Amino acid sequence: MKITNNYDLPDSIVSAVSSSDFRPKDRRISVTTLINPEQLETLRREHFDEIEEDASDRIWLLLGNSVHAMLQNQDQDNALVEEHLEMPIDINGEEWTVSGRSDLLSDRVLTDYKCTSVWSFILGDKKEWEAQLNLYRLLYHEIGFEVNKLQIVAILRDWSKSSAKFKEDYPPVPVHVQPIRLWSIDEAQNYLHTRMIAHVQAIKHGIPRGCSDEERWLRGEAWAVKKSGNKRAMAGGVHEAEEDAKRFASEQSVPTEIEHRPGINVRCQDYCPVMPWCEQAEHLGVKNE
């Protein structure tokens with residue numbers, strides 16, 4: 001991976017944000033990789049040396065790194081901090097290794113720290129957090145450590161005091177503790193095996209599927225019901241689901257037409273490092289803004 005410096009940032013900052021990318025290794029896969037779409041991660045493996053990212057797009061890594069550095073300096077009794085975990089798994093007769101690094105295990109409570117935006121916290125994919133922590137718990141289980149509670153401590157980097165005063169559903173403070181559902185060990189093992197099969201097949205035999213709407217973080221897709229020949233939607237005629245739009249159209253006393261308004265593939269457009277090599281993104285007409 002190549003880190004560019006298109007905005008002439010200080011060398012110290014460029015160096016600080018360039019140290020967290022690790023080349024994918026044969027027969028090894030991390031928990032955070034495992035929960036990502038297999039298309040994204042397979043293309044990352046194939047094009048790792050060609051991927052370019054500007055240092056300016058990685059500034060928030062500094063905050064995340066500083067939080068983890070703080071954790072490493074904590075002297076807590078009976079706590080495991082930044083513990084590196086591994087477990088072997090057999091996939092079609094071939095041994096792979098699943099690895100992960102958990103933030104904190106203390107008093108059987110597994111905590112992961114997330115430095116994120118308010119928008120990401122409110123609208124973000126909690127399923128990914130849930131999967132990540134439950135897989136860490138599984139890795140601890142494999143070496144004999146019991147975990148009976150999971151939680152995310154979200155540090156909201158762009159939190160605003162004024163917004164907290166005047167906006168409903170806005171976090172009241174810039175740090176929020178989010179409990180995470182605890183899976184059974186069987187559920188975690190089944191999820192791990194399913195995701196490993198998907199990733200190994202994509203690596204060895206080619207990518208079998210594109211990223212889903214959810215994986216692309218599709219936002220704003222809608223179907224608009226218009227009076228035939230009109231440019232604007234009818235009052236109450238914009239719907240998130242196509243079936244709802246069809247139902248609305250069937251209830252009208254005038255001829256109508258339904259217009260599909262494509263949403264924004266947020267991950268593809270702004271956050272996917274392999275978008276230049278993704279045939280699905282090309283088909284969708286995704287472009288970097």
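1. Of the 289 residues in the protein, 40% are buried, and the model from which this value comes is a predicted one. The protein contains 11 helices and 13 strands, and its C-alpha atoms fill a box of roughly 70 × 55 × 50 Å when the box is taken along the principal axes. Among the contacts in the protein with a separation of 6 or more, 69% are between residues 24 or more positions apart.

2. Helix 8, at residues 185-205, is a useful place to begin. Helix 8 is made of 21 residues and spans 30 Å from its first C-alpha to its last, which is close to the 30 Å expected at 1.5 Å a residue. Its buried residues are I185, A188, L192, R195, M196, A198, H199, V200 and A202, a set that includes the charged residue R195. The buried residues of helix 8 pack against strand 2 (28-30), helix 2 (31-34), helix 3, strand 4 (79-91), strand 5 (94-106) and helix 6 (126-142). After helix 8 comes G206, which has a positive phi near 100 degrees.

3. Two helix pairs involving helix 8 can be described in some detail. In general, two packed helices are described by the angle between their axes together with the distance between the axes. For helix 3 (residues 38-46) and helix 8, the axes come within 9 Å and cross at roughly 40 degrees; because angles from 35 to 65 degrees fall outside the parallel and perpendicular classes, helix 3 and helix 8 are oblique to each other. The crossing of this pair is right-handed.

4. On the helix 3 side of that pair, E38, E41, T42 and R45 take part, and they meet R195, A198, H199, A202 and I203 in helix 8. The residues of this contact divide into 3 nonpolar, 2 polar and 4 charged. Of the helix 8 residues named here, R195, A198, H199 and A202 are also listed among the buried residues of that helix.

5. The second pair is helix 6 with helix 8, whose axes come within 10 Å and cross at roughly 105 degrees. That angle makes helix 6 roughly perpendicular to helix 8. The contact is formed by A131, N134, L135, R137, L138, H141 and E142 in helix 6, which meet I185, A188, Q189, Y191 and L192 in helix 8, and its residues divide into 7 nonpolar, 3 polar and 2 charged. I185, A188 and L192 from this contact are among the buried residues of helix 8.

6. Q39 belongs to helix 3 and is buried, its relative accessible area of 10% lying under the 20% cut-off. When neighbours within four places in sequence are left aside, Q39 is in contact with I207, R209, G210, C211, C278 and Q280.

7. Y136 is placed in helix 6 and is likewise buried, with a relative accessible area of 5%. Beyond its neighbours within four places in sequence, Y136 contacts V31, T32, L85, G100, R101, S102, L110 and D112. Between Y136 and P179 there are 15 Å in space, C-alpha to C-alpha, for a sequence separation of 43 residues.

8. F145 lies in the loop between helix 6 and strand 7 (149-156) and counts as partly exposed, at 39% relative accessibility. Apart from neighbours within four places in sequence, F145 is in contact with L80, L105 and Y140. F145 and L61 are 84 residues apart in sequence, and their C-alpha atoms are 30 Å apart in space.

9. Two loop residues deserve a look at their backbone angles. D107, in the loop between strand 5 and strand 6 (109-116), has a phi near 55 degrees, a positive value in a residue other than glycine; D107 counts as exposed, at 64% relative accessibility. W217, in the loop between helix 8 and strand 9 (218-219), has a positive phi of about 55 degrees although it is not a glycine; W217 is partly exposed, with a relative accessible area of 22%.

Definitions and conventions:
Residues numbered from 1 in each chain as written. Predicted model: local features only at pLDDT ≥ 70, side-chain atom pairs only at ≥ 80, totals over all residues. Heavy atoms only, no water. Axes fitted to C-alpha atoms, helices over the stretch in contact; angles between N-to-C directions. Helix = DSSP H or I, 4+ residues; strand = E, 2+ residues; numbered from the N terminus. Parallel < 35°, antiparallel > 145°, perpendicular 65-115°, else oblique. Left-handed = near helix turned anticlockwise from the far one by under 90°. Contact = heavy atoms within 4.5 Å. Buried < 20%, exposed > 50% of the residue type's maximum accessible area, 1.4 Å probe, protein only. Expected span 1.5 Å × (residues − 1).
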